[in-house]
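Open the model in a viewer and keep the sequence panel beside it. The stops below go from the whole chain to single residues and back out to the surface.

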Amino acid sequence: FREQPIYSTRAHVFQIDPNTKKNWVPTSKHAVTVSYFYDSTRNVYRIISLDGSKAIINSTITPNMTFTKTSQKFGQWADSRANTVYGLGFSSEHHLSKFAEKFQEFKEAARLAKEKSQEKMELTSTPSQESAGGDIQSPLTPESINGTDDERATPEVTQNSEPRAEPTQNALPFTHSSTISKHWEAELATLKGNNAKLTAALLESTANVKQWKQQLAAYQEEAERLHKRVTELECVSSQANAVHTHKTELNQTIQELESTLKKKEEEIEGLKQEIENARELQAQRDSLTQKLQEVEIRNKDLEGQLSDLEQRLEKSQNEQEAFRNNLKTLLEILDGKIFELTELRD
């Protein structure tokens, strides 16, 4: 009883073939009810569908899931816990769009619930201010599995689902603005995760560069020492043949060290290229952040315009109501005058 359905629709249910990972296998012979359930105790959202007494869908919504529209009437999402991909065929594009909006809404709610639970865990596990702080962990990047191109093929679906009520016109601007904001928030969260990974890779690359430089300096010192040793042997040794042999071996060692140095230099160049790529991704992240701020400002302007239009509409309705009352009063007076004129004529 702790789980309650919060939204239901009808659709044909499919699952990806576990063997080929390309073809869709129908799990229901006809359109069945697909519902979103909310567990208030654990603060968890689930998608559940029953075919008789058999549960053909039991998928818990997580922040890293993504619902993909592969056609006008077909959508899919991947469930890593169930190790499968679910597909739904709807009777109309409206039902698909409504289901996708609910999926995004409950996914965002699941993300917020997860963040709140993490904040509570951090508050309970945070040491006192006098103790030293722990290591900072970089967040993970949410990755969604949308299947291959063959998996996106839309199966034929019969139109057996029931029509649902359309949303009111006054709610459309808010829904559109909320959808845009959620999209950019998800994009920003992804960029933050990528930024943390790139920062860690940059630090690791810097450490590797320092290590290669130290090894390069050590190899150079070793080469100089060997050159001095060769010179000393040439000057001191009286056995020319032994000195020549030893010199040849030392020259071979020097050549090997030089080839090793070239390889290390090439690795250093590769690390520098990776650092440049990381900086470019950082610039892209800053650009998207600025776009998100612009979208938020535009949303605020749209909300202000909507509020102004609502006030003007309410004022116009009040004026029309007052005009109707005045007209009604005038009609009543006119009826009285007509009645008096009729009596006077009689």
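Among contacts in the protein between residues at least 6 apart in sequence, what percentage join residues at least 24 apart? The share is 63%. Keep in mind throughout that this is a predicted model.

**Whole chain**

Show the chain as a cartoon and colour by secondary structure. Three helices and eight strands make up the secondary structure, and along the sequence they follow the pattern β-β-β-β-β-β-β-β-α-α-α. Of the 346 residues in the protein, 27% are buried. Switch on a surface: the accessible area is about 24,300 Å², with 51% of it belonging to carbon and sulfur atoms.

**Confidence**

Now colour by pLDDT. The average for the protein is 79, and 80% of the residues score at least 70. Select residues 127–176, where the pLDDT is below 50; in the model this stretch has 71 contacts beyond near neighbours in sequence. Where pLDDT is low, the predicted coordinates should not be read in detail.

**Strand 4 and its two partners**

Select residues 44–51, which form strand 4. Is this strand mostly covered or mostly open? Mostly covered: six of its eight residues are buried.

Add residues 32–39, strand 3, which runs antiparallel to strand 4 and is joined to it by six bridges. To see one pairing, pick Tyr36 and find its bridge partner in strand 4, Ile47.

Next add residues 54–60, strand 5. Strand 5 also runs antiparallel to strand 4, again with six bridges between them. Here, Ile48 stands opposite Asn58 in strand 5.

**The turns**

Go to the loop between strand 3 and strand 4, where Asn43 is found. The hairpin of these strands has four residues between them. Phi of Asn43 is near 60°, a positive value in a residue other than glycine. Why does Asn43 count as partly exposed? Its relative accessibility is 33%, and the partly exposed class lies between the 20% limit for buried and the 50% limit for exposed.

Move along to the hairpin of strand 4 and strand 5, which has two residues between the strands. Select Gly52, where phi is positive, near 75°.

A further stop is Asn83, in the loop between strand 7 (74–79) and strand 8 (84–89). Asn83 has a positive phi near 55° and is a residue other than glycine. Asn83 counts as exposed because its relative accessibility is 60%, over the 50% cut-off.

**Helix 1**

Select residues 93–125, helix 1, and pick out Leu112 within it. Leu112 is partly exposed, since its relative accessible area is 39%. Then draw a distance from the C-alpha atom of Leu112 to that of Pro63: the separation is 8.8 Å, although the two residues are 49 apart along the chain.

**Helix 3**

Finish with residues 240–345, helix 3, and locate Ile338 there. Which residues make a nonpolar surface patch together with Ile338? Select Phe323, Leu327, Leu331 and Leu334 as well; with Ile338 they make a patch of about 480 Å². The relative accessible area of Ile338 is 44%, so this residue is partly exposed.

Methods. Residues numbered from 1 in each chain as written. Predicted model: local features only at pLDDT ≥ 70, side-chain atom pairs only at ≥ 80, totals over all residues. Heavy atoms only, no water. Buried < 20%, exposed > 50% of the residue type's maximum accessible area, 1.4 Å probe, protein only. Pairing = 2+ DSSP bridges. pLDDT = per-residue confidence, 0-100. Contact = heavy atoms within 4.5 Å. Patch = residues over 30% accessible without salt bridge, like charges linked within 9 Å, V, L, I, M, F, W, Y side chains within 5 Å. Areas by Shrake-Rupley, 256 points an atom, 1.4 Å probe, with all protein chains shown as cover. Salt bridge = Lys/Arg side-chain N within 4 Å of Asp/Glu carboxyl O.
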